[in-house]
Amino acid sequence: MSGSNNDNDVDFDKLPLDERLSHKSWKGRLNGYQELSKSFSLDESMAKEKEIKRFWNDPTIFNKFITDSNVVAQEQAVVALESLIELFKPLTVHVDNKSSNHLNNWIPLLIEKGLGSSRPTTKTKSLNCILLLCSLDNTIDNTIDLILPFLEKKIPKLLSSVLNCLSTIIKSFDISNCLNNNFLQKILLPLPRLAGHADKNVRSETMNLILQIFIKTGKDKNMLSDLLLVDLKPIQQRDLDKLFNKEIENPTSVENNSIPFESKRRQAIALQMENELNQLPVDKDGDTLMDMNNEPEPRPSIDPFTLLPEETILNQLPEDFENRIKSVKWKDRVDALEEFYNNCLAKVKRISTKDNYNHLLRLYSNIIEKDANLQAVLISSQSIEIILEKLGPQNVPKDYILTIFKALLFRIKEKKPNVIESLRQTLLLCCKIHNPLIIENEDLLDDILENMKHKIPQVRSESTLLFNSILQNNSIPNKQILIKRVNVADSKENLITIVTKIVNDTQQSIRTLGFYCFAILIKILGYKYFSDSLGKIDHQKRKKIEDLINGDEIKIKDNNNNNNNNNNNNNGILSNNPQVTKIIPSKRIASSPLRKMNGIPTNNHRQLTSSDKILNNLNENVVSARDGKRFLKLPKPELESKKIASNNGGDNTNNNENLILRQEYELIKAENDKLQKQLIELNNENEEIKLNNNKLNDKVISFEEKIKKLDLNVNLLRDEINNKDLNLKNNSFEISKLNDKIKLLENENEKLLKRVNNNEDVVNVGGVYSSDDDLQRKVKSLKINANSSPSASPMLSSTTGILSDSNNDDNEESWKRAAEVTKILKARIEKMRSRNGK
């Protein structure tokens, strides 16, 4: 508390500046930073002061300021740094050489402590400082190299700020002047990981950065697909595809907020001063004429191919490649070619231009010319095409083309579609890289014309097709190369004679190509060279040629814009040509109501200018009244009526103009509101339809699940019924077996009873088998009376007794006893049956 009171008591303004900048109190340091900011903002002459200049000469002084521990003081320090850079930026000498020290010292600190700050002003000013420092260089390479390491940080807030900084740099400075071939690969390398980040802001800024790269690289999807999209998840690829398509359909308006590099800005100023020194044209009244079509120089277009890293392919050739492709076995040759194609050529993005590929191309040329296997020819042709493409058209010397050109022309005799298509594309690429219609490449043209006289129809057809494509798509800097061949004395070498033979060929398809060739040559050179030859062609063929000449089917590449401008001048349509420079007086002509020019009151000129103002202001209001994606325009008759009204208004047209503009604005606004309401209603209806559709889908899914469950239950019941039927059949079979056993036992029982009654056989009493003599003895010994005890007859008490004939006085009692024994015997037999049945 006492420390705070002491700080309040100190008058920091009385302290020296250096003491304030290093004061232990943040308020003292804040006061010092504010003093610096004022000093840097005063005048450029202050930059010559030694006390001010030291802050620029030694960038390490500001390192401590912009990393101040107090966020309020740090914010003011960053503001002071911005003022310092703006002060010394126009005064720096050799900015590209001396700026690296400032960039290396300040940019990393501004990113880590400035962009990572929680205060919006600190973040904004830090970004401005980074852009200003980047403008001191001649390229954004160094700045990007300093920023990229921060993409490895873990803090989401810092990551999103760094990604936004990269997007702003690319948007402001473009990437057309990047000197590092690995630039694009370096900046795209961490993006797949960041596109799947857990933080929503990081993902959003990553997508925005990819979109900016897509815009600045000429909206080339294929290039980005090779370098980036293959590493993204399918859902991320779909989101990016939507962003790309939206940008292609509705390009974002290019705002004039780009920051020029300091060196280019100085060159532009010097050029402007030079132009101001030159005397501008003056009209007959002494007024200076000015060019109203002067526009800022467009930025150079960037070729994304130049940003790709170069790769060496010669060190990736398969082992013993040359011997394998010369093998007698076709499979060995094809395997060697496929191995190099699949493992190297198909994956390479850009081939190094430092190596010599003449020997490799010669090997491919020999295969194309001599190999009987069409698969080997196809792979060789495709390999040549990739090598030429990945080298780049500017890096392919002519000797490469001469090595392969004749072999390709020789092999176009093949009729297999995929082979001839590959040869065709490779030949077109060769002719695109080294134009046969240039004097230096006349030997290539001679080879094509020689092939047009070939005895094989397929060769004549393909050669004529190639010649037609060259005439239509390649530029013709000098027509003398064709005129010379039209006027050649030797009829066999004469171009007209060659084409006439094609026109009169026996095959219809070749004749059609001849018609096109004749028509294209006439469109390029005119009728005067071909009038005699046309007269010798029959009427029907001549009519087809004339129809092609008069039709729109054949389009010739515009080779000379100057000729077009001359034609326009001769036709007197200068005023309608948008490319012609508009020259108008720099001062207002109608300075006096009595002044006239060419007998026409100058008031008319003033009124016409006023009319143009109306149209321009009206267009501006139409643009400002846009809401959503619709752009409203007035019908042309209404615009014309407004123009006429303005011409008749005289000096009092301003009020009428404002009234007209206000009325038009209200109409546009009302129409726009109406459209917005309709759009909202349509969106609501669309949402309802989607909701109902989702409900129906849910019901369909639930019904499908119920049906599946019912089907499952039906299958289970069927299985259960089948199992029960099987069990029933098994039980019936067992019952039938048991019935058989019962009948058998009953038969045995009857037999046994008969034997017992007749005393003929062995009787089982109590489980003991006895003979006839024993049975007789036991029956005789059996005596039933009332005085006998249970112990007197143990056999009777335990199991069975034997019936016997006795002459006892108590005969009746004996038969009762025998009946009991018989009953017991039957019970035993039943038990035995049941036991056997089990």
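Is Arg324 buried, exposed or partly exposed? At 25% relative accessibility, Arg324 counts as partly exposed. Here is a short set of close-up views to go with that residue and some others, all drawn from a predicted model.

**Figure 1. An overview of the protein in this predicted model.** The protein has 838 residues, and 37% of them count as buried. Its secondary structure comprises 36 helices and six strands. Take the contacts between residues at least 6 apart in sequence: 70% of these join residues at least 24 apart. A search through the whole structure turns up 27 salt bridges, and some of them appear in the views below.

**Figure 2. Glu339 and Arg324 form a salt bridge.** In this view, the closest N and O atoms of the two residues are 3.1 Å apart. Glu339 sits in helix H18 (residues 330–345) and Arg324 in helix H17 (residues 321–325), so the pair ties together parts that are 15 residues apart in sequence. Glu339 has a relative accessible area of 32%, and is partly exposed. Its partner Arg324, the residue we opened with, is partly exposed at 25%.

**Figure 3. Arg485 and Asp446 meet through their side chains in a salt bridge.** The N to O distance here is 2.8 Å. This pair links distant parts of the chain, with Arg485 in helix H25 (residues 480–486) and Asp446 in helix H23 (residues 442–451), 39 residues apart. What is the burial of each partner? Arg485 counts as buried, with 8% relative accessibility, whereas Asp446 counts as partly exposed at 37%.

**Figure 4. Lys543 and Asp547 form a salt bridge within one helix, their side chains meeting at 3.4 Å, N to O.** Both residues belong to helix H29 (residues 539–550) and lie four residues apart, about one turn of the helix. Lys543 counts as partly exposed, at 43% relative accessibility. Asp547 counts as partly exposed too, with a relative accessibility of 43%. Turning back to the residues of the previous figure, Arg485 and Asp446 belong to one network with Glu442 and Lys484, joined by salt bridges that share partners.

**Figure 5. Helices H20 and H22 cross at roughly 25°.** The axes of H20 (residues 374–391) and H22 (residues 417–433) come within 9 Å. With that crossing angle falling under the 35 degrees cut-off, the two helices are therefore roughly parallel to each other. Their crossing is left-handed. On the H20 side, the residues in contact are Leu374, Val377, Leu378, Ser381, Gln382, Ile384, Glu385, Leu388 and Glu389. They meet Asn418, Val419, Ser422, Leu423, Gln425, Thr426, Leu429, Cys430 and Ile433 of H22. Sorted by type, the residues of this contact divide into 10 nonpolar, six polar and two charged.

**Figure 6. Ser461 is a residue of helix H24 (residues 457–473).** Which residues does Ser461 touch, not counting those up to four places away in sequence? They are Ile510 and Leu513. Ser461 itself counts as buried, at 15% relative accessibility, a value under the 20% cut-off for buried residues.

Technical notes
Residues are numbered from 1 along each chain as its sequence is written. This is a predicted model: local features need pLDDT of at least 70, side-chain atom pairs count only at pLDDT 80 or more; totals for chains, interfaces and linings use all residues. Side-chain values use heavy atoms; hydrogens and water are left out. Axes are lines fitted to C-alpha atoms, for helices over the stretch in contact, and angles run from 0 to 180 degrees between N-to-C directions. Angles under 35 degrees count as roughly parallel, over 145 as roughly antiparallel, 65 to 115 as roughly perpendicular and the rest as oblique. A crossing is left-handed if the near helix is turned anticlockwise from the far one by less than a right angle, and right-handed if clockwise. Contact means heavy atoms within 4.5 Å. Ala, Val, Leu, Ile, Met, Phe, Trp, Tyr, Cys and Pro count as nonpolar, Asp, Glu, Lys and Arg as charged, and the others, Gly among them, as polar. A salt bridge is a side-chain nitrogen of Lys or Arg within 4 Å of a carboxyl oxygen of Asp or Glu. Buried means under 20% relative accessible area, exposed over 50%, partly exposed in between (1.4 Å probe, protein chains only).
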